[in-house]
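Biologist: I would like to go through some labels and see how each one follows from its cut-off. Please take the cysteines before the rings.

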Amino acid sequence: MQKPEEDKSLSPYAGHWVARVHGKIVAHGQTAEQASLSARQSRPKEIPEIVFIPSPEMPFELPLISSILESLPSNQVFYLVGGAVRDILLHRETHDLDFVVPVDGIKTAKRVSNALNGAFFPLDVENDVGRVILTNADNSRDVLDFSSYRGASLETDLHARDFSINALALDLRSHQFVDPVGGLVDLRRKRIRACSENSIVEDPVRILRAVRFAAELGFSIQRETRQLLKDSVDLLPRISPERLRDELFRILDGHKPSTAIRALDILGVLPYILPEILELKGVSQPTPHVHDVWVHTLKAMDYLESIFGVLAMDYNSEETNDLLTGLLTTWLGRYREQFRQHFTHPPTSERTPRSLLFFSILYHDIAKPRKREIENGRIRFHGHDEEGELLAVKRAIKLRLSNAEMDRVKIIIRNHMRIIYHINRFKQEGKLPTRRAIYRFFRDTGDTGVDLCLLALADQRATYDNEITQETWIACLDIVRLFLENWWEKREETIAPPQIVNGNDLIASLKLSPGPDVGRILETIREAQAMGTINTREEALTLAKEWLFNHPVRKKTQTV
């Protein structure tokens, strides 16, 4: 879709609504209603045309939409609506596009799907909503939803939406905006405003959506809307756990998740969705910690987001003069592509690895309030990792996470102290992790060990915060780089050495019966390979015989 030819006479009105009579502008305003009212006052006997004059920088070249238009009849009324319009106006990339038509939303989706070779799904038959998913050459996806008007007209549909910045529509044929609640003004003012006084009560999950949009866009929530959110928090229990989960994980996967958590706390939302998080407040910690557990957790989220930014493919290292950031780039920057693949790999669930990591760091110290004790005058939290795993899983169950997602969270929280142990040992004794320690770490954590490396860095930054020394940070980076180097560069050497004997070899050579001992011996051989102490089949069988000699109770001979 090409941008309409510009009329220089309209440039003073760019970004505003105007009222035209016989092609002449007779009034203008920041909203359609203002322009219409002004026109009625100056031309009470005439009916003006109310239109929006786009700014020159407004993007109109959307190849995908052009392809969609070509697949539909030229006379079909067709609007892009909601968040897609908002994101386009904000020059934000979007792959989720919502369209409305007067009728036949599902039928329209089918037609587009057939024309563009997409996957079609009847998303909501009752409300006539169809979905088309297009998979691009780089494996990214565009999700297109087509629905009929919710109500008698497009304006009725838009009035029923959540916030004014999402109640915008763009006529894809005339390039005219429909803005019945003043969303364009709120976009310019960077403001989140409810479409109506009943907007939040009608769907309380919009409380979380408001916070997400504010954090993601860097907008403020209008005072009256903020009060509506506070007044409606007690309605959250009527929302399904699945919908609360989906909004929460969109927050965790988005921009400034810690800011959003703080906002949810101020609004009084946390008791309804993450009540145990509140126990972290005011729980003091021993040095070198400089914050209580609550502030430490939020700081860790901040640092994790910062680390993600530094390790992103589009990061420009020349834009920072921060020493610690520069060191992070120097030590780990070479793994940017590996990090990208790890966190954008097609997930086995609806939640992304990134969002699950942020959920895990939010809960990594969740058991500290319950495990806090004074030992020889010093604060201790013995076993907070194991107890934390249990508490996190209880919350994950209530949020209806899948088994695979819960397993990932469990692994992260249960093992979150392991790399920190090696960092402290390196700082105090100058000892690096052994090959056996590295092997066992990834044996227990798999690819989630990569997540744990980043969590450890964020955790250490939050522990010391602004008091961290260059020496301490380099120690953190040295240990993490060693683990990642083995995972990505020395996998066959220390992580997954090639098998030199199998179970059948052991059974035949040592006259064993099938059973758990065979698995134990194979694991002993794999670990010895990872340590570099054996390399051949003969050495493996010798080690197996030594194992049997040291475990005579378990030795079993085959019966003939």
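Biologist: Why is Cys476 not bonded to the closest cysteine sulfur, in Cys453?

Modeller: The two sulfurs are 12 Å apart, too far for a bond. A disulfide requires a pair of cysteine sulfur atoms within 2.5 Å. Searching the whole structure gives zero disulfides.

Biologist: What are the ground rules for these values?

Modeller: This is a predicted model, where local features need pLDDT of at least 70 and side-chain atom pairs count only at pLDDT 80 or more, while totals for chains, interfaces and linings use all residues. Residues are numbered from 1 along each chain as its sequence is written, and side-chain values use heavy atoms, with hydrogens and water left out.

Biologist: Why is Cys476 called buried?

Modeller: Its relative accessible area is 0%; buried means under 20%, exposed over 50% and partly exposed in between, with a 1.4 Å probe and protein chains only. Cys195, at 12%, is therefore buried too.

Biologist: How many aromatic pairs are there, and what makes Phe78 and Phe146 a stacked one?

Modeller: There are 14 aromatic pairs. The centres of Phe78 and Phe146 are 6.2 Å apart and the planes are at 15°, so the pair is stacked. Rings of Phe, Tyr and Trp (its six-membered ring) pair if their centres lie within 6.5 Å; planes under 30 degrees apart are stacked, over 60 edge-to-face and the rest tilted.

Biologist: What is the angle between the planes of Tyr335 and Trp488?

Modeller: It is 45°, with 5.3 Å centre to centre, and the pair is tilted. Trp488 has a relative accessible area of 22%, so Trp488 is partly exposed, whereas Tyr335 at 1% counts as buried.
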